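I opened the model today and looked up a few side chains, one helix and the charged pairs. My notes follow in the order I checked things.

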Amino acid sequence: AGAARPPAPATEPPPPSVESGRFFHADFDFPKSSKFGLELTSATQLCLQVRKVNTGDNSGLVSVWNARCELTFPEDRIVPGDEILQINDVKPDLAAEKPSLRMQQEVRRLGAEGGVAFLMVFRRHRESAQDSMSC
């Protein structure tokens, strides 16, 4: 008789490949009526894409985040071309005509009502990361 086989190890999803980009998250406290400090577009319809990061005094929460990242994790700075895939528990609604609309509404709600965006998931494509390093 054969020996009992050990149970198969739990399978985990593979890490993102170079082709799918680099994933990271940022967290922000949103005081009521605060500025986020980004110009966004929903060109891909499945995410919000960072078009511009405002800089300078009183330019918004992302500028503060980026300044903190300079000292600790510079690769987590938010740069043009980065994609927002999730805000809190809000993800694109793939069944909707405009999948990223829910995320746009969440950004507006946070800015107007305040709150904590404790989980914003970003993806940076390889080209975006290289472009950001040359700025």
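**R109**

I looked for R109 and found it in helix α2. The model is predicted, so I read every value below as computed. R109 has a relative accessible area of 31%, so I noted it as partly exposed. I then listed its contacts, leaving aside neighbours within four places in sequence: they are N88 and G114. K32 is 77 residues away along the chain, yet the two C-alpha atoms are separated by 9.7 Å. Inside the helix, I found a polar contact of 3.0 Å between the side chains of R109 and E106.

**Helix α2**

Next I checked the helix itself. At 1.5 Å a residue, its 13 residues should span 18 Å, and the end C-alpha atoms are indeed 18 Å apart. Which residues of α2 are buried? I found M103, E106, V107, L110 and G111. Seen down the axis of α2, these fall within an arc of 130°, so they line one face of the helix. An α-helix has 3.6 residues a turn, so residues three or four places apart point the same way. On the face turned away from the buried side I found the exposed residues R108 and E113. G114 follows α2 and has a positive phi, near 80°.

**Nonpolar core**

I turned to the largest nonpolar core, which has 22 residues. F28, L38, I78, I87 and F122 touch the most other members. At least two core residues come from each of β1 (22–30), β3 (48–53), α1 (61–71), β4 (83–87), α2 (101–113) and β5 (115–124).

**D82**

I looked up D82 in the loop between α1 and β4. Is D82 buried or exposed? Its relative accessibility is 0%, and the cut-off for buried is under 20%, so D82 counts as buried. Its side chain reaches the backbone nitrogen of V79 at 3.0 Å. Beyond four places in sequence, D82 is in contact with F24, L48, Q49, V50, R77, F122, R123 and R124.

**Salt bridges**

How many salt bridges does the structure hold? I read six. One of them joins R22 and D76, with the closest N and O atoms 2.6 Å apart. R22 is in strand β1 and D76 in the loop between α1 and β4, so this pair ties together parts 54 residues apart in sequence. R22 is partly exposed at 31%, whereas D76 is buried at 14%.

D82 came up again here. Its side chain meets that of R124 in a salt bridge of 2.7 Å, N to O. R124 lies in strand β5 and D82 in the loop between α1 and β4, so the pair ties together parts 42 residues apart in sequence. R124 is buried too, with a relative accessible area of 6%.

I also noted R123 with E83, where the closest N and O atoms are 2.6 Å apart. That pair links strand β5, which holds R123, to strand β4, which holds E83, 40 residues apart. E83 has 4% relative accessibility and counts as buried. Back in my α2 notes, I added that salt bridges with shared partners join E106, R109 and E113 into one network.

**L94**

My last entry is L94, in the loop between β4 and α2. L94 is exposed, at 66% relative accessibility. Not counting residues up to four places away in sequence, L94 touches L46 and P99. L94 and Q45 are 49 residues apart in sequence and 9.3 Å apart in space, C-alpha to C-alpha.

Key
Residues are numbered from 1 along each chain as its sequence is written. This is a predicted model: local features need pLDDT of at least 70, side-chain atom pairs count only at pLDDT 80 or more; totals for chains, interfaces and linings use all residues. Side-chain values use heavy atoms; hydrogens and water are left out. A nonpolar core is a set of buried Ala, Val, Leu, Ile, Met, Phe, Trp, Tyr and Cys residues joined through side-chain atoms within 4.5 Å. Buried means under 20% relative accessible area, exposed over 50%, partly exposed in between (1.4 Å probe, protein chains only). Helices (H or I, at least four residues) and strands (E, at least two) are DSSP runs, numbered from the N terminus. The expected span of a helix is 1.5 Å times one less than its number of residues. The arc is that of the directions from the helix axis to the C-beta atoms. A polar contact is a pair of N or O atoms within 3.5 Å; within protein, one must be able to donate a hydrogen and the other to accept it, and residues adjacent in sequence count only if both atoms are side-chain atoms. Contact means heavy atoms within 4.5 Å. A salt bridge is a side-chain nitrogen of Lys or Arg within 4 Å of a carboxyl oxygen of Asp or Glu.
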